[in-house]
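Work through the exercises below with the sequence and the model open. Try each task before you read its solution.

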Amino acid sequence: MKKPANWNRKHLIGIEELDRTEIETVLDVARSFRGTLDRPVKKLPSLRGKTVVNLFMEPSTRTRLAFEVAAKRLSADVISVGGKSSSLSKGETLRDTASNVQALGADLIVLRHSSAGSPLYLSRVLDVPIINAGDGAHEHPSQALLDAFTLRERFGDLAGKKITILGDVLFSRVARSNLWALSKLGASVTFGGPATLVPKTFSEFGAEVTHDLKKALADADAVMLLRIQHERQTSTHFPSLGEYTSMFGLNEARASWLKPDAIIMHPGPINRGVEIDSSLADSTRSVILDQVTNGIAVRMAILYLCSTVADLQRKEVPS
Ligand code: CP
């Protein structure tokens, strides 16, 4: 596969800086990789000889494993390092850790970190491509791209589609990245939830903001539930989880306000019985596990595109 003309980035830091054609390029490349996931022989040679290092300083199941599977499907070697098992726990800085990972031969680094801006920082001080796998409450670009991919698989063109994102928007990197991705693709994004977790200021970035659940769900083509991000909250934003669920949890009665063909999404991990009832998470309207599988193809596209640009840039620099 030749590098698409519309992709010239070595790093993937966020969706905010991407334009529509760049987003569409990732999704189109992901589409071609998606077909390979169901083949008996799944491996492609695209990243043969490359080493991808997953540097995950926060817990992860889906993102880390999907990047691992994606890299392996592209024939790369993959090494995953967790925060507690690395020398960061002995006081080493992130920059020193990542510089050592580069010196050990990494060709790409996939970073998850609690500090917003840490992938951008590493991209400025290292030579290897840096892929943001979630930085604090800032961005989670690969998640938004797989969400957009899943929506496009269902609806085709997203122009005019209403996507409601419900829950802890304030602390959610998924909400921020999805706002950029979906609005650039022509969808209208509604943020819903309690006023303490969905401030009106989000409307300045182009989202509709409502604290009225019925209004948030009415006419939505898709609803994406968000988990309460307890790990990022330093103060209490609602009286109790029970109260949150009784006011904003998606249950069968509230799901009846949705259009019959509306789909239910969740980036995971799900807190069953809190933001969503199990009967809905496991229903035929749920595309939650499709999101996970599509995440492999989207991460294959990201690794492939960024690695290809890095190789081309290396060739252009005379040694
Ligand atoms: N959606 C998501 O980021 O899940 P993980 O935290 O399990 O990677």
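The exercises cover pockets, a cavity, a strand and a helix.

This is a predicted model, where local features need pLDDT of at least 70, side-chain atom pairs count only at pLDDT 80 or more, and totals for chains, interfaces and linings use all residues. Residues are numbered from 1 along each chain as its sequence is written, and side-chain values use heavy atoms, without hydrogens and water.

**Exercise 1. Describe the largest pocket and place it relative to the domains.**

Step 1: set the terms. A pocket is an open set of points on a 1 Å grid over the protein atoms alone, with protein on both sides within 12 Å along at least five of seven lines; lining residues have an atom within 4 Å of a point. Grid points are joined across faces, edges and corners, and a volume is the space filled by probe spheres set on the points.

Step 2: size and centre. The volume of the largest pocket is about 340 Å³. It has 20 lining residues, and Arg-112, Arg-173, Arg-227, Gly-268 and Pro-269 are the closest to its centre.

Step 3: elements. Helices H2 (62–73) and H6 (173–184) each give two or more residues to this lining. Helices (H or I, at least four residues) and strands (E, at least two) are DSSP runs, numbered from the N terminus.

Step 4: classes. The lining holds 5 nonpolar, 8 polar and 7 charged residues. Here Ala, Val, Leu, Ile, Met, Phe, Trp, Tyr, Cys and Pro count as nonpolar, Asp, Glu, Lys and Arg as charged, and the others, Gly among them, as polar.

Step 5: place it. Domain 1 (20–140 + 292–316) and domain 2 (142–287) both contribute to the lining, so the largest pocket lies between them. The bounds come from an automatic or database domain assignment.

**Exercise 2. Do the same for the second largest pocket.**

Step 1: the second largest pocket holds about 240 Å³. Among its 20 lining residues, His-266, Ile-270, Ile-288, Leu-289 and Val-292 are the closest to its centre.

Step 2: H2, helix H5 (141–155) and helix H11 (288–316) each supply at least two lining residues. H11 has the largest share, with 5 residues.

Step 3: the classes are 9 nonpolar, 7 polar and 4 charged.

Step 4: domain 1 and domain 2 both line the second largest pocket, so it too lies between them.

**Exercise 3. Which residues line the largest cavity?**

Step 1: a cavity is a set of grid points where a 1.4 Å probe fits but cannot get out. The whole structure has 1 cavity of 30 Å³ or more.

Step 2: the lining consists of Lys-50, Asp-107, Leu-108, Ser-307, Ala-310, Asp-311 and Arg-314. H11 gives the largest share, 4 residues.

**Exercise 4. Is strand S8 (residues 222–225) covered on its faces, or open? Find its partners as well.**

Step 1: Ala-222 and Met-224 are buried on one side, Val-223 and Leu-225 on the other, which leaves both faces covered. Buried means under 20% relative accessible area, exposed over 50%, partly exposed in between (1.4 Å probe, protein chains only).

Step 2: strand S5 (residues 162–166) pairs with S8 in the parallel sense over 4 bridges. Two strands pair if DSSP finds at least two bridges between them. Leu-166 has Leu-225 as its bridge partner in S8.

Step 3: S8 also pairs with strand S9 (residues 263–265), parallel, over 3 bridges. Met-224 has Met-265 as its bridge partner in S9.

**Exercise 5. Check the span of H6.**

Step 1: the expected span is 1.5 Å times one less than the number of residues.

Step 2: the 12 residues of H6 should therefore span 16 Å, and the end C-alpha atoms are 17 Å apart, which agrees.
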